[in-house]
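Grab a pencil and have a look at the model below. Each exercise gives you a task, and a worked solution follows step by step.

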Amino acid sequence: IKVVTVTSDIIDSKRMISVRSNGCISGKMAAELLSYMVEPGRPVALVTGCRDTIVHGDTILGFKEMAEQLGMNYVGVYEHRDDPDIAYYLATKLISDYPDLGGVYLGSANSVTFCRRLGELGVDQKVKVVASDVFPAMVDLINKNVVKATIFQHPFDQGRLGVQYIFEYVAECKTPSDETKLLDPQIILKSNIALYT
């Protein structure tokens with residue numbers, strides 16, 4: 001049975017191909033965006049699901065590399081395991097540990113409770129947030145200037161290509177020429193978010 005992984009990957013799974021967004025580039029883009037928004041020296045952090053997954057691990061590597069290259073005050077990775085309650089807690093912890101927190105990259109779709117907590121703490125306009133993905137609550141956060149930008153990762157195309165590769169294998173005995181298909185992430189701002197909804 002041929003298997004295609006979508007969104008992330010599974011090491012040593014013998015899958016035919018992995019289709020996912022280029023997490024390393026997403027991380028670099030987020031760090032660069034924050035470097036334009038955050039005053040030099042102020043802390044920046046990355047909040048993500050789980051560093052052990054391929055997609056989040058790639059994002060962490062890209063963000064860290066670019067943050068270091070740009071001389072940012074990168075204070076580390078915080079994991080919420082895709083649990084909204086943990087994301088909510090991490091917002092409290094980051095503001096407690098770094099009262100002058102300048103920015104954060106929310107590297108997974110689990111961003112709503114984190115942003116809500118920033119608002120409750122009265123810092124949702126002070127801390128610059130770059131997020132991931134597009135969904136109705138994210139559109140609202142961008143329109144309210146709580147999130148300054150989000151990284152679009154082509155979820156529909158990831159699924160479409162996964163199905164296409166399986167169909168081509170079954171119908172045409174065609175196997176992909178590469179083991180990985182990385183889709184180019186895109187930056188979404190308030191000015192162009194209507195193109196993605």
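## Exercise 1: a glycine in a loop

Gly102 touches Val38, Arg42, Pro43, Lys126, Val127 and Lys128, if you skip residues up to four places away in sequence; touching, or contact, means heavy atoms within 4.5 Å.

Before you go on, a word on the model: it is predicted, so local features need pLDDT of at least 70 and side-chain atom pairs count only at pLDDT 80 or more, while totals for chains, interfaces and linings use all residues. Residues are numbered from 1 along each chain as its sequence is written, and side-chain values use heavy atoms, with hydrogens and water left out.

**Task.** Work out where Gly102 sits, and whether Gly102 is buried or exposed.

**Solution.**
- Step 1: find the place. Gly102 is in the loop between helix 3 and strand 5. Helices (H or I, at least four residues) and strands (E, at least two) are DSSP runs, numbered from the N terminus.
- Step 2: check the surface. Gly102 has a relative accessible area of 1%, so it is buried. The cut-offs are under 20% for buried, over 50% for exposed, and partly exposed in between, using a 1.4 Å probe and protein chains only.
- Step 3: look further away. Lys190 is 88 residues from Gly102 along the chain, and their C-alpha atoms are separated by 20 Å.

## Exercise 2: a second loop glycine

**Task.** Say which residues Gly107 touches, leaving out those up to four places away in sequence.

**Solution.**
- Step 1: locate Gly107 in the loop between strand 5 and helix 4.
- Step 2: list the contacts, which are Val47, Thr48, His56 and Ser132.
- Step 3: check burial. Gly107 counts as buried because its relative accessibility is 7%.
- Step 4: compare sequence with space. Gly107 and Leu46 are 61 residues apart in sequence, yet 6.9 Å apart from C-alpha to C-alpha.

## Exercise 3: rulers for helices

**Task.** Find how far apart the end C-alpha atoms of helix 1 are, and test that against the expected span.

**Solution.**
- Step 1: take the rule. The expected span is 1.5 Å times one less than the number of residues.
- Step 2: apply it. Helix 1 (residues 23–37) has 15 residues and should span 21 Å; its end C-alpha atoms are 21 Å apart, so the two agree.
- Step 3: repeat for helix 2. With 16 residues, helix 2 reaches 22 Å from first C-alpha to last, close to the 22 Å expected.
- Step 4: ask what is hidden. Buried residues of helix 1 include Gly23, Ser26, Gly27 and Ala30; those of helix 2 include Ile54, Val55, His56 and Phe63.
- Step 5: find the cover. Strand 2 (17–21), helix 2 and strand 5 (103–106) are among the elements over the buried residues of helix 1. The buried residues of helix 2 pack against strand 2, helix 1, strand 3, strand 4 (73–79) and strand 5.

## Exercise 4: unusual phi angles

**Task.** Which positive phi values do Arg81 and His154 have?

**Solution.**
- Step 1: recall the background. Most residues other than glycine have a negative phi.
- Step 2: read the angles. Arg81 has a positive phi of about 55 degrees although it is not a glycine, and the phi of His154 is near 55 degrees.
- Step 3: place them. Arg81 lies in the loop between strand 4 and helix 3, while His154 lies in the loop between strand 7 and helix 6.
- Step 4: check exposure. Arg81 is exposed, with a relative accessible area of 51%, whereas His154 is buried at 14%.
- Step 5: add two glycines. Gly71, just after helix 2, takes a positive phi of about 70 degrees, and Gly122, which follows helix 4, has one near 75 degrees.

## Exercise 5: the core

**Task.** Which element gives the most to the largest nonpolar core?

**Solution.**
- Step 1: define it. A nonpolar core is a set of buried Ala, Val, Leu, Ile, Met, Phe, Trp, Tyr and Cys residues joined through side-chain atoms within 4.5 Å.
- Step 2: pick out members. The largest core has 27 residues, and Val47, Leu106 and Phe114 are among those touching the most other members.
- Step 3: name the top supplier. Helix 3 gives the most to this core, with five residues.
- Step 4: look beyond. A second, separate core of 19 residues includes Ala30, Val44, Tyr74 and Tyr105.
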